[in-house]
Amino acid sequence: MLSSAVLAMSANAAVPPPEEGDDRTAILVAVNALLDRLGTADGEQFREVLSPEGTIFIHNLMDTADPQLIVRSNAIMTERAAPGDQQLTEKMGIPTVLQRGDMAHVWAPYAVWIEGEKTHCGMNSLSLSRSLGVWRVTNLSYTVEPTDRCAELGAPESPE
């Protein structure tokens with residue numbers, strides 16, 4: 001009897017408010033703004049949410065017998081003269097967000113559609129820093145995996 005009362009009380013317990021300085025909503029807004037710009041933005045638009053000084057690590061696992069690590073500067077995006085010519089949509093699954101002051105990290109599954117066709121999925125690992133009150137992605141690592149692994153990663157099933 002006591003255990004059911006404890007369960008009932010815990011089910012009705014309020015979620016505590018975020019601690020002062022908790023900025024997870026703004027952090028996710030910055031990450032989603034970066035994803036929304038993929039395939040549609042020029043360098044100036046990327047610089048609003050992506051630090052040019054950062055690095056991108058791409059862990060290509062499409063061929064499990066021959067995984068590839070590709071390292072690029074964020075400048076490939078922040079110095080872009082014009083948007084890409086393909087319709088690219090990236091959607092993120094349920095994220096884990098960590099924050100300590102002006103430093104944050106987001107870990108989340110994702111999936112990509114190009115011209116409406118799901119091409120791959122993987123895990124995003126994004127580091128962010130807040131400067132002058134603005135969150136920007138500083139470094140980005142992600143896996144590129146075949147679509148048959150999307151479900152096990154928890155990647156979104158639809159681009160909507």
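Two strands pair if DSSP finds at least two bridges between them. That idea is a handy way into this predicted model, where S131 stands opposite V134 in β7.

The overall layout comes next. The chain holds 5 helices and 7 strands, and from the N terminus on these elements follow the order α-α-α-β-β-α-β-β-β-β-β-α. Of its 160 residues, 34% count as buried. Among contacts in the chain with a separation of 6 or more, 57% are made by residues 24 or more positions apart.

Strand β7 is a good place to begin looking at the pairing. With β6, strand β7 pairs in the antiparallel sense over 8 bridges. The hairpin of β6 and β7 has 2 residues between the strands, and in this hairpin L132 takes a positive phi near 55°. Strand β7 also runs parallel to β1, with 5 bridges joining the two. Within that parallel pairing, I58 has Y142 of β7 as its bridge partner. As a general point to keep in mind while viewing such strands, side chains in a regular strand alternate between the two faces of the sheet.

Strand β6 offers a residue to follow in more detail. S129 lies in this strand and is partly exposed, because its relative accessible area of 33% falls between the limits of 20% for buried and 50% for exposed. Leaving aside neighbours within four places in sequence, S129 is in contact with D102, V134, W135, R136 and T138. V134 thus appears twice in this account, as a contact of S129 and as the residue in β7 that S131 stands opposite. The C-alpha atoms of S129 and S51 are separated by 8.9 Å, although these residues are 78 residues apart along the chain.

Strand β6 is also tied to the last part of the layout by a covalent link. The count comes to 1 disulfide, which joins C121 to C150 with an S to S distance of 2.3 Å. The rotation about the S-S bond is -110°, and the link of C121 and C150 is left-handed. Distant parts of the chain are connected in this way: C121 belongs to strand β6 and C150 to helix α5 (residues 150–153), 29 residues apart. Both cysteines lie under the 20% limit for buried residues, with C121 at 0% relative accessibility and C150 at a relative accessible area of 3%.

Open space in the model can be explored too. In general, rolling a probe the size of a water molecule over the atoms shows where empty space is left. The largest pocket contains about 520 Å³ of space. It is lined by 25 residues, of which L38, M77, R80, L88 and Y142 are the closest to its centre. Two or more lining residues come from each of α2 (24–37), β1 (55–60), α4 (75–78), β3 (88–92), β5 (103–114), β6 (117–131) and β7 (134–144). By class, the lining has 16 nonpolar, 5 polar and 4 charged residues. Y142 links this picture to the strand pairing, being the bridge partner of I58.

Helix α4, one of the elements that contribute to the lining, also contains T78. This threonine counts as buried because its relative accessibility is 0%. Beyond its neighbours within four places in sequence, T78 is in contact with G43, E44, F46, R47, L50, S51 and P52. S51 therefore connects two parts of this description: T78 has S51 among its contacts, and the C-alpha atoms of S51 and S129 are separated by 8.9 Å.

Notes: Residues numbered from 1 in each chain as written. Predicted model: local features only at pLDDT ≥ 70, side-chain atom pairs only at ≥ 80, totals over all residues. Heavy atoms only, no water. 1 Å grid on protein atoms, 1.4 Å probe; cavity = no way out; pocket = protein on both sides within 12 Å on 5 of 7 lines; lining within 4 Å. Points joined across faces, edges and corners; volume = space filled by probe spheres on them. Helix = DSSP H or I, 4+ residues; strand = E, 2+ residues; numbered from the N terminus. Nonpolar A, V, L, I, M, F, W, Y, C, P; charged D, E, K, R; others polar. Buried < 20%, exposed > 50% of the residue type's maximum accessible area, 1.4 Å probe, protein only. Contact = heavy atoms within 4.5 Å. Disulfide = S-S within 2.5 Å.
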